[in-house]
Amino acid sequence: MAFLSKLFGKKDKDNEKKEEILENPEADEDEGEELTEEEIAAAEKFEEENREEIERVMPLDYDGEFIALEDEADEVAFEEASEEAAEETAQDTEVVVEKEDDDEEEEGEKLSFWERLKAGLAKTKNALFGSVNDLLKNFVKVDEDLLEELEELLIMADVGVGATGDIIDELRDRIKDGRLKEKEQVLDSLKEIISDMIGEHQPLKLETTPSVILVIGVNGAGKTTSIGKISKRLRLSGKNVVVAAADTFRAAAIDQLEVWCKRAKVDIVKQNEGSDPAAVVFDAIQYAKKKSADVLIIDTAGRLHNKQNLMNELAKINRIIDRELPDACRENLLVLDATTGQNAVMQAKEFSKAANITGITLNKLDGTAKGGIVISIKQELGIPVKFIGVGEKIDDMQEFDAKEFIDALFE
């Protein structure tokens, strides 16, 4: 009501203009006058139509409601904070635009994700298949010696011991039944086998309103940036996205996530550092329901060093989700750093004990020769890779496409 009174108090209501309200949002309230239903409806309509401008001068709580300022000191403090925040936001926006312009001037035109994927996987391709080509030059025929050398190369590319063993066994079977006779057929056989191992693309299941994406992963794997990138992709696809800042354990995690949510232009629900993560999730669910959000993305703390705390925290969050959104589609995404190789596979195994992982987001594929862990994760754990990242910018993430991945490795 405080905001409604600000709109209508001590003014000629019939002649009031939007510019006057925005220029003087702190107008004195008429404390003795009750607003009529027509005035309330008009104010709510005005608020909806001009919310962006009003938010610049009026504080909001995390539910998106305007906060009534209690006294003049609060109003002065808020005005100063608003002006400072506006200046910082303007500076950030200016830097981002300037950086994008510089990149475009240097590159001529923006590279497609397909081109960035091929460039990002160049290290893996050269380390693995460049070595395979060199290996094949030293052999006249396909025999056991060649398979042993090939096995070593696959393991060095972090395809994994288990997955490598399966690949070599399949090659032996092809040699026995006559499908693999010449050394020139080795690469084609490898492409077919790896394609079968990775399988078809499995998109996110977001069929309910809201659907829930629980994001987990250790600190440093790129969890926060992944949430920002996925949020933007979903928003551009027409989804209304809300993010819950439930990683209240790590210092500055909430602030960092808020920055990425601003870049992605999605809402964030947050509390103070050290708050109960389950309480944040509860509030975020209520907000998502209120706003009819399509997707609720939940950030969590990466406490892999203390699995019991991790399990307890995730279990509590899951109970809240099950109780408040019992029929919602659920995705549990694990964010991994591709540069860590087989250590990332070990993380996936540990996190699988604490949560039912439905998909992997694999970051930093552009900075490693260990892209073979895509094969290892799918073959050893049965968990599909659903997103891959090949850079730090907000657009440097794509839904994982097995065919594109294989083509980038073999072309």
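Buried is taken here to mean under 20% relative accessible area, with exposed over 50% and partly exposed in between (1.4 Å probe, protein chains only). The model is predicted, so that local features need pLDDT of at least 70 and side-chain atom pairs count only at pLDDT 80 or more, while totals for chains, interfaces and linings use all residues. Residues are numbered from 1 along each chain as its sequence is written, and side-chain values use heavy atoms, with hydrogens and water left out.

**Exercise 1. Determine which way the residues of strand 6 point, and whether they are buried or exposed.**

Solution. Begin with the element itself: strands (E, at least two residues) and helices (H or I, at least four) are DSSP runs numbered from the N terminus. Next, sort the side chains of strand 6: Gly359, Thr361 and Asn363 point one way, Ile360 and Leu362 point the other way, and all are buried. Strand 6 is accordingly described as mostly covered, with five of its five residues buried. For the protein as a whole, 46% of the 411 residues count as buried.

**Exercise 2. Place strand 6 in its sheet by finding the order of the strands.**

Solution. Two strands pair if DSSP finds at least two bridges between them. On this basis eight strands form an open sheet with mixed pairing, in the order 3-2-4-1-5-6-7-8. Its edges are strand 3 (267–269) and strand 8 (397–399), each of which pairs on one side only. Strand 5 and strand 6 pair in the parallel sense over five bridges, and Val335 has Thr361 as its bridge partner in strand 6. Strand 1 (residues 211–216) and strand 4 (residues 295–299) likewise pair in the parallel sense over five bridges, with Ile297 of strand 4 as the bridge partner of Ile213.

**Exercise 3. Identify the strands across which helix 13 lies, and its angle to strand 3.**

Solution. Axes are lines fitted to C-alpha atoms, for helices over the stretch in contact (heavy atoms within 4.5 Å), and angles run from 0 to 180 degrees between N-to-C directions. Helix 13 (residues 277–290) lies across strand 2, strand 3 and strand 4, and runs at about 140 degrees to strand 3.

**Exercise 4. Classify the residues that line the largest cavity.**

Solution. List the lining: Ile198, Gly199, Glu200, His201, Gln202, Val374, Lys378, Pro384, Val385, Phe400 and Ala402; a cavity is a set of points on a 1 Å grid over the protein atoms alone where a 1.4 Å probe fits but cannot get out, and lining residues have an atom within 4 Å of a point. Then sort by class, with Ala, Val, Leu, Ile, Met, Phe, Trp, Tyr, Cys and Pro as nonpolar, Asp, Glu, Lys and Arg as charged, and the others, Gly among them, as polar. The result is six nonpolar, three polar and two charged residues.

Technical notes. 1 Å grid on protein atoms, 1.4 Å probe; cavity = no way out; pocket = protein on both sides within 12 Å on 5 of 7 lines; lining within 4 Å.
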